[in-house]
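Here is a short tour of the model shown below. Keep the 3D view open as you read, and turn to each spot as it comes up.

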Amino acid sequence: MFNTKQILTTEQQMIDFGTELAKSAFLGRRTKNPIRVIELIGDVGTGKTTITKGVAKHLKIADEITSPSFTISKHYEIPDGKELVHYDFYRLGDPGLMSEDLYENLSDPSKIVILEWADSVASVLPPNHVTIYINMNDDGSRTVMATIEKGKRWNYI
């Protein structure tokens, strides 16, 4: 069972969290209404891209996962013909054309979307997305909590 609140102390634990998240959310599976959107909330350096690496591991993506901070978005092929799209809106106060790109990817059932710094596009996120809150603790560990459906606690899917 996927634990929705965890204290993580290593990079590998962050990757494992992303992998378990993807398994529990049925990401990439052909279910009636799979969770396809993950919003990552946390300060710079808390491990948002590291969690994305874990999701990509579960999806069997061979490419190295890197932060899209400077490119705004990165696309990764999933072996089953789908695609992971990873956004970082940190530098965009107004997403402009990127909000249209995001909307197209959110509307496409073959896309799994992960967003960092999504405040400026929150209005277009589907209600059944997972939100992951990451807080850096004084000792360097991270407290990670998952929620779904606009703030309702997510116990297990």
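## A strand pairing to start with

Let's begin in the middle of a strand pair: Ile132 stands opposite Ala146 in β7. The model is a predicted one. Strand β7 covers residues 142–148 and pairs with β6 in the antiparallel sense, with seven bridges between the two.

Strands β6 and β7 form a hairpin with five residues between the strands. Within this hairpin, look for Gly140, whose phi is positive, near 95 degrees.

Strand β6, residues 130–136, also pairs with β2, residues 37–41. Here the strands run parallel, and four bridges join them. If you would like a residue to find on screen, take Glu39: its bridge partner in β6 is Thr131.

## The chain as a whole

Stepping back, the chain has three helices and eight strands. In sequence order they follow the pattern β-α-β-α-β-β-α-β-β-β-β.

The chain has 157 residues, and 48% of them are buried. Of the contacts with a separation of 6 or more, 58% are between residues 24 or more positions apart.

## A buried arginine

Now move to Arg36, in the loop between α1 (11–24) and β2. Which side chain of opposite charge is nearest to Arg36? That is Asp108, at 6.2 Å. A salt bridge requires a side-chain nitrogen and a carboxyl oxygen within 4 Å, and Arg36, although buried, has no salt bridge.

The side chain of Arg36 does have a backbone partner to look at: it reaches the backbone oxygen of Leu106 at 2.5 Å.

## Leu125 and its neighbours

Leu106 comes up again when you turn to Leu125. Leu125 lies in the loop between β5 (111–116) and β6, and its C-alpha atom is 7.7 Å from that of Leu106, although the two are 19 residues apart along the chain.

Is Leu125 buried or exposed? Leu125 counts as buried because its relative accessibility is 9%, and the cut-off for buried is under 20%. Leaving aside residues up to four places away in sequence, Leu125 touches Val37, Glu39, Leu106, Leu115 and Ala118. Glu39 is the residue you met earlier as the bridge partner of Thr131.

## An aromatic pair

The model contains two aromatic pairs. One of them is formed by Tyr87 and Phe89, which are stacked, with 5.3 Å from centre to centre and 10 degrees between the planes.

Both partners can be checked for burial. Tyr87 has 0% relative accessibility and so counts as buried. Phe89 is buried too, with a relative accessible area of 2%.

## Two loop residues with positive phi

Finally, visit the loop between α2 (48–58) and β3 (73–77), where you will find Lys60. Most residues other than glycine have a negative phi. Lys60, however, has a positive phi near 65 degrees. Ile72 also has a positive phi, near 75 degrees, and is placed in the loop between α2 and β3 as well.

How do these two residues stand with respect to solvent accessibility? Lys60 counts as exposed because its relative accessibility is 63%, whereas Ile72, at 10%, counts as buried.

Key:
Residues numbered from 1 in each chain as written. Predicted model: local features only at pLDDT ≥ 70, side-chain atom pairs only at ≥ 80, totals over all residues. Heavy atoms only, no water. Pairing = 2+ DSSP bridges. Phe/Tyr/Trp six-rings, centres within 6.5 Å; stacked < 30°, edge-to-face > 60°. Buried < 20%, exposed > 50% of the residue type's maximum accessible area, 1.4 Å probe, protein only. Lys, Arg positive; Asp, Glu negative; His and termini not counted. Polar contact = N/O pair within 3.5 Å; in protein donor to acceptor, adjacent residues only side chain to side chain. Contact = heavy atoms within 4.5 Å.
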